[in-house]
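Here is a short report on selected features of one protein model. Keep the sequence and the coordinates open while reading.

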Amino acid sequence: MLHIADQKARLGEAARRFLASGRKMLIDGQWVDAQSGRTIDVVDPATGLKLVEVPAGGAADVDRAVAAARRAFEGAWAGARPVLRERLLLKLADLLETHADELAELETIDNGKLLMMSRLGDLTLAIDSLRYMAGWATKIEGTTITPSFNYVPPGMEFTSQTLREPVGVIGQIIPWNFPLVMAIWKIAPALAAGCTVVLKPAEDTPLTALRLGELICEAGFPDGVVNIVTGDAEPGAALVDHKGVDKIAFTGSTEVGQIIQRRAADSMKRLSLELGGKSPVVILKDADVGMAVQGAAQAVFFNHGQVCTAGSRLFVERPIYDAVMEGLAEVANGFSLGSGFDESSQMGPLVSAKQRDRVQGFLETGRKEGGRLIAGGTAVDGGGFFFRPAVFADTRPEMTIYREEIFGPILAATPFDDLDDAVRLANDSIYGLGASLWTNNLALANRVVRKLKAGNVWVNCHNLLDPAVPFGGYRMSGYGRELGHAVTELYTESKSVTTLLL
């Protein structure tokens, strides 16, 4: 049983002051309430206790935010030279670094993740991503082409060029599993390209996005360049439907991504969708068993399994299958659950009661469908939303836990005898976001990597991300690539210009 007291007293002075000051939305450089006056509660997932209220924005608030973003896009931001955009993003990165401890505390009390992970993982990646994307502001470029035009009279000369121009006003909808990192991954490339933004953070985890909004104002971005509208599903739907929004950038479930794609068809908005996954982890018999066990555990249990690339399907070559499963059961049973602020905790709560109940439902379904549960599966009583990590052995492709994205710490494992069969099983999914392969034979690994149908493939590691490395999926895991040079294409249009030389 876990009984955790009100954690606000565990926050530093800056984070406590942020919560105590009352939260509003950022529209056109001003902090405002929802026009409806409605609010939603933000809850600490470790205790179930209310932290603060935030505005429940609606369509009217989205109208104001989009109008502000349009004015900025056609006004002050249009005149901002690339080097100014770069400097502002670098200044924002410096401010994040200055306030990193405060932001990490807010992330932990809002999302439930371990404070060490918030500080060393999320904040580091957010700051690095900001600085990386700042550099692209001065490096977005077109091409020069010498066209043939073989059908025009001889002696006429032409030159052609392409220009990369900002798409315009971007509606951005982010999930709750990495709230600050997701906000930066969306906002930074859009601003580097010269776009303006209306950001809709997840209902459960709006706090670091709002604190980021304060730092954006402090950094000196013009009013209306970044607007942040909090709330439930209503402002997200309003953004998708709004005729003044030129593009939607969404990270979340495949089901919601499909809805967005259908609704966006009416206005032919540009879309980038980073969606769900059911990522395979393939362990070959020559892999180091201890390393493979730790790697497979990290792949599925990292961030409490609330990761779109979570390695939730495990395929192990039969000669080492029993040893790997024994090791994974020991790891899963050994996790110490508790507050993210406790140094002894190895796993915090899931983000909400709804998510905990959803994950628990998958576990019960796994049992009913004949899964062999070898670790976890016991309830955790108390005020928070904790769930003990679970390992199922000998799962089959027809099982729900094998096929559907759980977004929680449940592993479905299957043995294999033939490598071609393992690749077939790994690719037998509607998704294609991540995959990892564990082997000491790198020549073999290079051949297998080319056969795996996923946008991100790791060899002898899993879930490693870097701002310079593109990230995105195949099939129903979405389209478009975050990070790297590739992300600049998400926020720019290509214009071709041809000139007759007189």
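The report covers a buried arginine, salt bridges, a pocket, one packed helix, a distant contact and two backbone angles. The structure is a predicted model.

**A buried arginine**

Arginine 85 sits in helix H3, which spans residues 82-98. What is the nearest side chain of opposite charge to arginine 85? It belongs to glutamate 86, at 9.6 Å. Arginine 85 is buried and has no salt bridge. A salt bridge needs a nitrogen-to-oxygen distance within 4 Å, so the 9.6 Å to glutamate 86 does not qualify.

Backbone oxygens are found closer to the side chain. The backbone oxygen of alanine 80 lies 3.2 Å from a polar atom of the arginine 85 side chain. The backbone oxygen of leucine 191 is reached by that side chain at 3.3 Å.Beyond residues up to four places away in sequence, arginine 85 touches Trp77, Ala80, Ala137, Leu191, Ala192, Ala193 and Gly194. Both oxygen partners, alanine 80 and leucine 191, are among these contacts.

**Salt bridges**

A search of the whole structure finds 28 salt bridges. Three pairs are listed here.

| Pair | N to O distance |
|---|---|
| Glutamate 13 and arginine 17 | 3.4 Å |
| Arginine 131 and aspartate 94 | 2.8 Å |
| Glutamate 97 and arginine 131 | 2.9 Å |

The pair of glutamate 13 and arginine 17 stays within helix H1, residues 13-20. The two residues are four apart, about one turn of the helix. An α-helix has 3.6 residues a turn, so residues three or four places apart point the same way. Glutamate 13 is exposed, with a relative accessible area of 58%.

Arginine 131 takes part in two of the tabulated bridges, one with aspartate 94 and one with glutamate 97. Arginine 131 lies in helix H5 (residues 115-136) and aspartate 94 in helix H3, so their bridge ties together parts 37 residues apart in sequence. Glutamate 97 is also in helix H3, so its bridge to arginine 131 ties together parts 34 residues apart in sequence.

How accessible are these three side-chain partners? Arginine 131 is partly exposed at 29% relative accessibility. Aspartate 94 is partly exposed at 40%. Glutamate 97 is partly exposed as well, with a relative accessible area of 43%.

Salt bridges also form a network. Its members are Arg23, Glu102, Arg211 and Glu214.

**The largest pocket**

The largest pocket holds about 1,200 Å³ of space. Its lining counts 43 residues. Nearest its centre lie Trp176, Phe250, Gly252, Ser253 and Val256. Four elements give two or more residues to this lining: helix H8 (233-241), strand S10 (247-251), helix H9 (254-264) and helix H12 (353-368). Which element gives the most to the lining? That is H9, with seven residues.

**Helix H14**

Helix H14 runs over residues 419-427. Its buried residues include Ala422, Val423, Leu425, Ala426 and Asn427. The buried residues of H14 pack against three strands and two helices. The strands are S12 (280-283), S13 (313-317) and S16 (410-416). The helices are H13 and H15 (442-449).

The N-terminal end of H14 is capped by aspartate 418. A side-chain oxygen of aspartate 418 lies 3.1 Å from the backbone nitrogen of aspartate 420.

**A contact far along the chain**

Alanine 65 belongs to helix H2, residues 59-74. Is alanine 65 buried or exposed? It is buried, with a relative accessible area of 0%. Alanine 65 and asparagine 227 are 162 residues apart in sequence, yet their C-alpha atoms are 6.0 Å apart in space. Leaving aside neighbours within four places in sequence, alanine 65 is in contact with Ile27, Val198, Asn227 and Val229.

**Two positive phi angles**

Aspartate 394 is not a glycine, yet its phi is positive, at about 60°. Aspartate 394 is found in the loop between strand S15 (390-393) and helix H13 (400-403). Aspartate 394 counts as partly exposed, at 31% relative accessibility.

Arginine 475 also has a positive phi, near 50°. Its loop runs between strand S18 (456-459) and strand S19 (478-479). Arginine 475 is partly exposed, with a relative accessible area of 42%.

Conventions: Residues are numbered from 1 along each chain as its sequence is written. This is a predicted model: local features need pLDDT of at least 70, side-chain atom pairs count only at pLDDT 80 or more; totals for chains, interfaces and linings use all residues. Side-chain values use heavy atoms; hydrogens and water are left out. Buried means under 20% relative accessible area, exposed over 50%, partly exposed in between (1.4 Å probe, protein chains only). Lys and Arg count as positive and Asp and Glu as negative; His and the chain ends are not counted. A polar contact is a pair of N or O atoms within 3.5 Å; within protein, one must be able to donate a hydrogen and the other to accept it, and residues adjacent in sequence count only if both atoms are side-chain atoms. Contact means heavy atoms within 4.5 Å. On a 1 Å grid over the protein atoms alone, a cavity is a set of points where a 1.4 Å probe fits but cannot get out, and a pocket is an open set with protein on both sides within 12 Å along at least five of seven lines; lining residues have an atom within 4 Å of a point. Grid points are joined across faces, edges and corners, and a volume is the space filled by probe spheres set on the points.
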